[in-house]
Amino acid sequence: MKTSDARKLVHGHQVHRDVYTSHEVYVAEMRGVFTNAWIFVGHDSQTPNKGDYITTQIGDQPVIQVRHSDGEIYVLYNRCPHKGTKIAIDRQGNTGKFFRCPYHAWSFKTNGCLLAIPLKKGYTDTGLDQTESAKGLKPVGDVRVYGGFVFARLSETGISFEEFFGDSLSTIDNMLDRSPEGRLEIAGPPLRYMHNCNWKMLVENQTDTCHPMVAHESSAGTAIDIYKQMGEPQPRPPAMQIIAPFMSSYDFFEGMGIRTWPNGHGHTGVNMSIHSDYDAIPGYFEALSAVHGEEKAKAVLDENRHNTVYFPNIMVKGPLQQLRNFIPLGPDKTLVESYVYRLVGAPDRLVEMSAMYNRMINAPTSIVGHDDMEMYERAQEGLMANGLEWVNIQRLYEEGEDFSKEAVENGTTERQMRNQFDAWVKFMDWNGTAAGASE
Amino acid sequence: MTITRDDIIDFVYAEARILDEGRYDEWLALWLEDGHYWMPLDYKQTDPVGETSLLWEDNFMLRLRVERLNGERTFSQKPKSRCHHVIQRPFVDEFDAEAGRFVTNTSMHYVETRLDEQQLLALTAMHELKLVDGALRIANKKVELLNSDAAFRSIQLLP
């Protein structure tokens, strides 16, 4: 499939089922969206020291995030330029001053440059220095570290980081402001959860506010029932703070609001969210006020953005310092990695809350995540049904929606899903000269 | 009542059978009120709450888990999962009859199945048991999965 064919699969308020099921579409979006957009790689606190690295994927591309000897973070393709062997296989480690290929011992500096080849005289007069192999491990097109979060664009030319994210970075800014020291640190490894469905179903669900009270009645509704049977003791059990708000009414979710930004980004929880009613953590407001002043500290904490989607494939939960990475492994296979971060300088209770939310909602052992996964996988199977070709994302649709501007809407709109598909078409069909391109 | 090593070992076997037979109300009754069920995410994780665990559940959460399984709108349990434990003879690591406190270490293979999927988990379960009013109860339970860092599908029942 040509990436330019993407336009035929998206009709504003409906999306063709091939977008979720076709291997050809999957290959095209790896070459289109995941090459031209800025993609999350990792966090700089995962590679704090020189030589530290992590291995991950950008779309279907194996990459290494590594801290070079100059202190900068590089993102390199995880592929020996000789025969193709993956250089690093551990999920994380320290490689010292260089990477060494385990197959023929070609070695590379941590910025990728070729350092040495055994028996190099065998290449004399062969013209090796004219080949791509002589350049070493290939770096991706561009890298930017923002507030500790590492993003990369595979394509060497294309949209700038600033233009791609624009004002959507305010969610990351707010998360950093919640740390008295303005910094986050990784807190342990991510939960890893394998889904037999298309990666976009998971991303779309992050701003779907019409499913929680239906799909999660079994967990959230049951939690409320048990709490009532217990005579509503105080303080509330953690499950009541975290799981019960999923049963909030449609009115509540309408009032939450959804904001969309250009290039497919957007968030739920504009006015307040299901995270607004957590019990205060002793000492935290005081610590934050000491840095920001009371007025700003209050403003920082009053921002209760629920789920912020950064197109194409991550979700950030600002009030809980979490990031979920939806890594596509095929048209019908997605690896979900759910991270929690520590707010540097804040009471330990904050990261305990983040970890609690993560295991209660996002874990393969979580009773909440089970029902989400059930829905995605039933959809993946259901979409094979012939006779119905289109997936409907029409809720609160308006003819001629302009996604090049920020908009705030009723919190049950599917506008953010339409926004994502507007960006999906744009980056599938990116030719480096499209409106908005910067070199 | 005098507790023997066999009583401790029999308890661990009986708990596995109760889970396999889905007798969850009986299973909850085995627990002391303030106990925790811990399943670490990281190999040799020492802090259950400062980083993510697969499970760190108190009595409220375990009760929620069990009552949810019986619910009418528990969509991921239509149809229901089934599980099966194969356990090795438990080691009794601590045996303090005077204090009524006992700790066991048990190797298990846990199989969970639903529809056409079946997954096998190899694990070590550590039970802290206490003698209360003449009966053994679970004070705490920790389950270390051999591949705790793997990307799992849903694990819906209790290893």
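In helix α14 of chain A, the buried residues (under 20% relative accessible area, 1.4 Å probe, protein chains only) are A:Ile367, A:Val368, A:Gly369, A:His370, A:Asp371, A:Asp372, A:Met373, A:Glu374, A:Tyr376, A:Glu377 and A:Gln380. This is a predicted model: local features need pLDDT of at least 70, side-chain atom pairs count only at pLDDT 80 or more, and totals for chains, interfaces and linings use all residues. Residues are numbered from 1 along each chain as its sequence is written, chains are lettered from A, and side-chain values use heavy atoms, without hydrogens and water.

Helices (H or I, at least four residues) and strands (E, at least two) are DSSP runs, numbered from the N terminus. Helix α14(A) reaches 23 Å from first to last C-alpha, close to the 22 Å expected at 1.5 Å times one less than its 16 residues. At its start, a side-chain oxygen of A:Ser366 comes within 3.0 Å of the backbone nitrogen of A:Val368.

Next, the neighbour in chain B. The axes of α14(A) and α3(B), lines fitted to C-alpha atoms over the stretch in contact, come within 11 Å and cross at roughly 35 degrees (scale 0 to 180, between N-to-C directions). Contact means heavy atoms within 4.5 Å.

| Helix | Residues | Contact residues |
|---|---|---|
| α14(A) | 367-382 | A:Ile367, A:His370, A:Asp371 |
| α3(B) | 59-69 | B:Met61, B:Leu64, B:Arg65, B:Arg68 |

Chain A also has an open sheet of four strands, ordered β5-β4-β3-β6, with antiparallel pairing (at least two DSSP bridges between strands). Its edge strands are β5 (73-77) and β6 (92-94). Strand β3 (52-58) pairs with β6(A) over three bridges. There, A:Ile54 stands opposite A:Gln92.

Terms used: Buried means under 20% relative accessible area, exposed over 50%, partly exposed in between (1.4 Å probe, protein chains only). A polar contact is a pair of N or O atoms within 3.5 Å; within protein, one must be able to donate a hydrogen and the other to accept it, and residues adjacent in sequence count only if both atoms are side-chain atoms.
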